[in-house]
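Visitor: I would like to learn how to read a single-chain model feature by feature. Could we take the general idea behind each feature and then turn to the case at hand?

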Amino acid sequence: MRFMTLVLLMLTTFAVQADLLVSLQAYENKKYSEAKAGFITLLPLGNPDAAFNLGVMAYYGEGQEINRVEALSYFLLAEKLQHPDASAIVQRVYAEASSDERLQADAAAAKAFAAVIIKQDAQPYQLSKEQPPAAINTPMPIIPEEVTRKNPFGFIVLQYLVDGTGRVQVVDVLDSFPVGAYDFHAMRELRRWEYAATGRPHLMSVQLNFWIAGVMDSGSANRIVNQNNLWTYAQVGSARHQETLGSALNVISMVSGALVYVDKDMSEPGDKPDLTAWFDSRKLKINIEAFDGEVTVQTNTKGEIERVLQSDELIAPEAEALLGMRIRGGKEGIFRLSNSTKQERAFSRLVNRPTILIQQYVPVHEQLTAEYWWRTAATNGDRRAQRILGAKREDWQFYLIQQQDPLAAAWHGARLWLDGEKTEAKALLEQAQAAGYKPATELLQILSL
């Protein structure tokens, strides 16, 4: 089924923004009607805690009559959504239920699961399906000294429309960290970017990364994660802190150069995570004459390359020539070697350096990845996290449009317009325009030419 089959129907849907922590607080304060309403709005997001808590309320009759069928159906849904405690509860309640109650609960749970929008097998979302125009002049933004002193590292993700002459006409911020730090300067510079003229508009996106060399080490990284109880509040369920933590981990990974990957055998980080290992690659060096390209290698305990794992993008030397070479400061592990590209102090441009960038793959628990906290925050109702994932996954984009989010509606409307689906496109753009989203007006003006 096409992604936007139900666009016009969804435009009439009443949008309710959910938040798990608010619902939990209502539950703790015995405001059961408010809590139940909040939990129910989280079910389309596939939130296992919401389903489980609804089961508890129905089972114990909190704010309602005791309802074993309803309780079992919610516990079954929580189990399908992989709540860690659900399976044991399902077995207990199943044993208490009659055959008829089990059948009713199974049917209700299946119906509820079918209504879940956010699932694990989602398709990736693309803002544009077309080949982007060739860049002619796209310099990094110049960030003033007074801004970099307060915000020495961060990133910004922007979406923009390039017209048929190659000029950027519409720009907006999808995500940034720290929030708002680089928005003005990045958007002003993007409007000056130039691309090859193609005679038709193009939708594009870009992430710009900023940092001052040497501004972050393992100590400061650990402080970022733990300051103002960021880690603690994220752990207890604050969606806003979870989204911020995800962005902070994204920046730390970027600045450290670590290539983190999830190792399911790793233990949970505990109360105070330690990111020291992420910065070990800064101490690594290797001499390879005329190195060009990118290669992934595996080393032994002495740091000597014993296997070349991936060399498709290696230009020189031959892969076999790397065997036996030693990464100074390295031990046993997996490393990526590439031509080093670093940003200068002024954040103004990228500068190629004649050095080899060495990045080590660092195994981590999933709680030390940006994706985990963005996903958790989005499922718990955080709109910023939902927009981050909406740019990556069709299910989140679909949910945002269903919730009448003006940013998602406007930019997906522009995509539909360029795909030739102008009726749905115009409906979405006008909806975003009516919500006061200025870029929607600009997009309509450009696309209508």
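Visitor: How many of the ten residues of helix H18 are buried, and what follows for its place in the structure?

Guide: Keep in mind that this is a predicted model. Buried means under 20% relative accessible area, and seven of the ten residues of H18 (residues 438-447) are buried, so the helix is largely enclosed by the rest of the structure. Among the buried residues of H18 are Pro439, Glu442, Leu443 and Ile446.

Visitor: Which elements do the buried residues of H18 pack against?

Guide: Their partners are two strands, S2 (153-162) and S3 (168-177), together with the helices H16 (406-418) and H17 (422-434).

Visitor: How should I read the nonpolar cores, and which residues have the most contacts inside the largest one?

Guide: In soluble globular proteins, nonpolar side chains tend to be buried together. Here the largest nonpolar core has 98 residues, and those with the most contacts inside it are Met216, Ile252, Trp278 and Trp411. A second, separate core of 20 residues includes Met140, Val162, Ala181 and Leu190.

Visitor: What does Trp278 touch, leaving aside residues up to four places away in sequence?

Guide: Trp278 touches, among others, Leu249, Ile252, Ser253 and Ser256, and also Val362, Val364 and Leu368.

Visitor: Turning to the backbone, where are the cis peptide bonds that involve Pro178 and Pro317?

Guide: Most residues other than glycine have a negative phi, and most peptide bonds are trans. The bond from Phe177 to Pro178 is cis, with omega near -5°, and Pro178 lies in the loop between S3 and helix H9 (183-190). Another cis bond joins Ala316 and Pro317, with omega about -5°, and Pro317 is found in the loop between strand S9 (314-316) and strand S10 (333-343).

Visitor: Which residue other than glycine has a positive phi near 60°, and is that residue buried or exposed?

Guide: Ala290 has a positive phi near 60°; it lies in the loop between strand S6 (259-262) and strand S7 (292-299), and it is exposed, with a relative accessible area of 59%. Asn229 also has a positive phi, of about 60°, although it is not a glycine. Asn229 sits in the loop between helix H10 (218-226) and helix H11 (230-236), where it is partly exposed, with a relative accessible area of 40%.

Note on methods:
Residues are numbered from 1 along each chain as its sequence is written. This is a predicted model: local features need pLDDT of at least 70, side-chain atom pairs count only at pLDDT 80 or more; totals for chains, interfaces and linings use all residues. Side-chain values use heavy atoms; hydrogens and water are left out. A nonpolar core is a set of buried Ala, Val, Leu, Ile, Met, Phe, Trp, Tyr and Cys residues joined through side-chain atoms within 4.5 Å. Buried means under 20% relative accessible area, exposed over 50%, partly exposed in between (1.4 Å probe, protein chains only). Contact means heavy atoms within 4.5 Å. Helices (H or I, at least four residues) and strands (E, at least two) are DSSP runs, numbered from the N terminus.
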